[in-house]
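Visitor: I am new to this structure and would like a close look at a single part of it, with enough of the surroundings to know where I am. Could you take me to the place where the second and third helices come together, and then outward from there?

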Amino acid sequence: MPRKRPLTELGIQIRADLDRRGWTQRDLADKCGVNYRVINDVMTGYNKNPENIAKIKECLSCREEKDAV
């Protein structure tokens, strides 16, 4: 059985934002135009690509809530 990687501080913020919106990681990936695995990899710190992080932050901040990641 594969181990779950713990969330980073950024991952915890993204998770909270997803929960508030009722979105899944796949929903966020679709809205950001990235593969859904990128979302999980960013949340766990496995992917630290600044472009991917910027896409996620932009996608979350341009949505309804002002306190997004």
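**Helix H3 and its surroundings**

Guide: Read from one end of the sequence to the other, the chain follows the pattern α-α-α-α, and its secondary structure comes to 4 helices and 0 strands. What you are looking at is a predicted model, so a word on confidence belongs at the start: the mean pLDDT of the chain is 88, and 84% of its residues reach 70 or more. The exception to keep in mind is the stretch of residues 64–69, where the pLDDT is below 50, although this stretch still has 16 contacts in the model beyond near neighbours in sequence. Where pLDDT is low, the predicted coordinates should not be read in detail.

With that said, let us turn to the meeting of H2 and H3. The two helices pack at an angle of about 110°, and their axes are 7 Å apart. Angles from 65 to 115 degrees count as roughly perpendicular, and H2 and H3 are therefore roughly perpendicular to each other. The crossing in which H2 passes H3 is right-handed. On the H2 side the residues that take part are Gln25, Arg26, Leu28 and Ala29, and they meet Tyr36, Ile39, Asn40 and Met43 in H3.

Tyr36 is a good residue at which to pause, since it belongs to helix H3 and is among the residues of that helix that meet H2. Leaving out residues up to four places away in sequence, Tyr36 touches Arg26 and Ala29. The C-alpha atoms of Tyr36 and Arg26 are separated by 5.0 Å, with the two residues 10 apart along the chain. Tyr36 has a relative accessibility of 32%, and it therefore counts as partly exposed.

Val38, also in helix H3, gives another view of the helix. With a relative accessibility of 17%, Val38 counts as buried, because the cut-off for that word is under 20%. Once residues up to four places away in sequence are set aside, Val38 touches Asn47 and Asn52. Its C-alpha atom is separated from that of Arg26 by 9.7 Å, the two residues being 12 apart along the chain.

The loops on either side of H3 deserve the same care. In the loop between H2 and H3 lies Val34, a buried residue with a relative accessible area of 15%. Apart from residues up to four places away in sequence, Val34 touches Ala29, Ile39, Asn52 and Lys55. Val34 and Lys55 are 21 residues apart in sequence, and their C-alpha atoms are 8.5 Å apart in space. In the loop between H3 and H4 you will find Thr44, which is buried as well, with a relative accessible area of 13%. When its neighbours within four places in sequence are left aside, Thr44 is in contact with Arg5, Pro6, Leu7 and Thr8.

H3 can also be followed towards helix H1, by way of Gly11, whose place is in H1. Gly11 and Met43 are 32 residues apart in sequence, yet from C-alpha to C-alpha they are 3.7 Å apart in space. Gly11 is buried, with a relative accessible area of 0%.

Behind these separate meetings is the largest nonpolar core, which has 16 residues, and those with the most contacts inside it are Ile14, Leu28, Ile39, Val42 and Ile56. Helices H1 (9–21), H2 (25–32), H3 (36–43) and H4 (50–61) each supply at least two residues of this core. Leu28, which is one of the H2 residues that meet H3, shows how the core is joined: not counting neighbours within four places in sequence, Leu28 is in contact with Ile14, Leu18, Trp23, Ile39, Ile56, Cys59 and Leu60. In soluble globular proteins, nonpolar side chains tend to be buried together.

To complete the surroundings, look at H1 and H4, whose axes come within 12 Å and cross at roughly 30°. That angle makes H1 roughly parallel to H4, and H1 passes H4 in a left-handed crossing. The contact is made by Leu10, Ile14, Asp17 and Arg21 of H1 and by Ile53, Ile56, Lys57 and Leu60 of H4.

Stepping back to the whole chain, buried residues make up 38% of its 69 residues. Of the contacts with a separation of 6 or more, 59% are between residues 24 or more positions apart.

Key: Residues are numbered from 1 along each chain as its sequence is written. This is a predicted model: local features need pLDDT of at least 70, side-chain atom pairs count only at pLDDT 80 or more; totals for chains, interfaces and linings use all residues. Side-chain values use heavy atoms; hydrogens and water are left out. pLDDT is the predictor's confidence in each residue, from 0 to 100. Contact means heavy atoms within 4.5 Å. A nonpolar core is a set of buried Ala, Val, Leu, Ile, Met, Phe, Trp, Tyr and Cys residues joined through side-chain atoms within 4.5 Å. Buried means under 20% relative accessible area, exposed over 50%, partly exposed in between (1.4 Å probe, protein chains only). Axes are lines fitted to C-alpha atoms, for helices over the stretch in contact, and angles run from 0 to 180 degrees between N-to-C directions. Angles under 35 degrees count as roughly parallel, over 145 as roughly antiparallel, 65 to 115 as roughly perpendicular and the rest as oblique. A crossing is left-handed if the near helix is turned anticlockwise from the far one by less than a right angle, and right-handed if clockwise.
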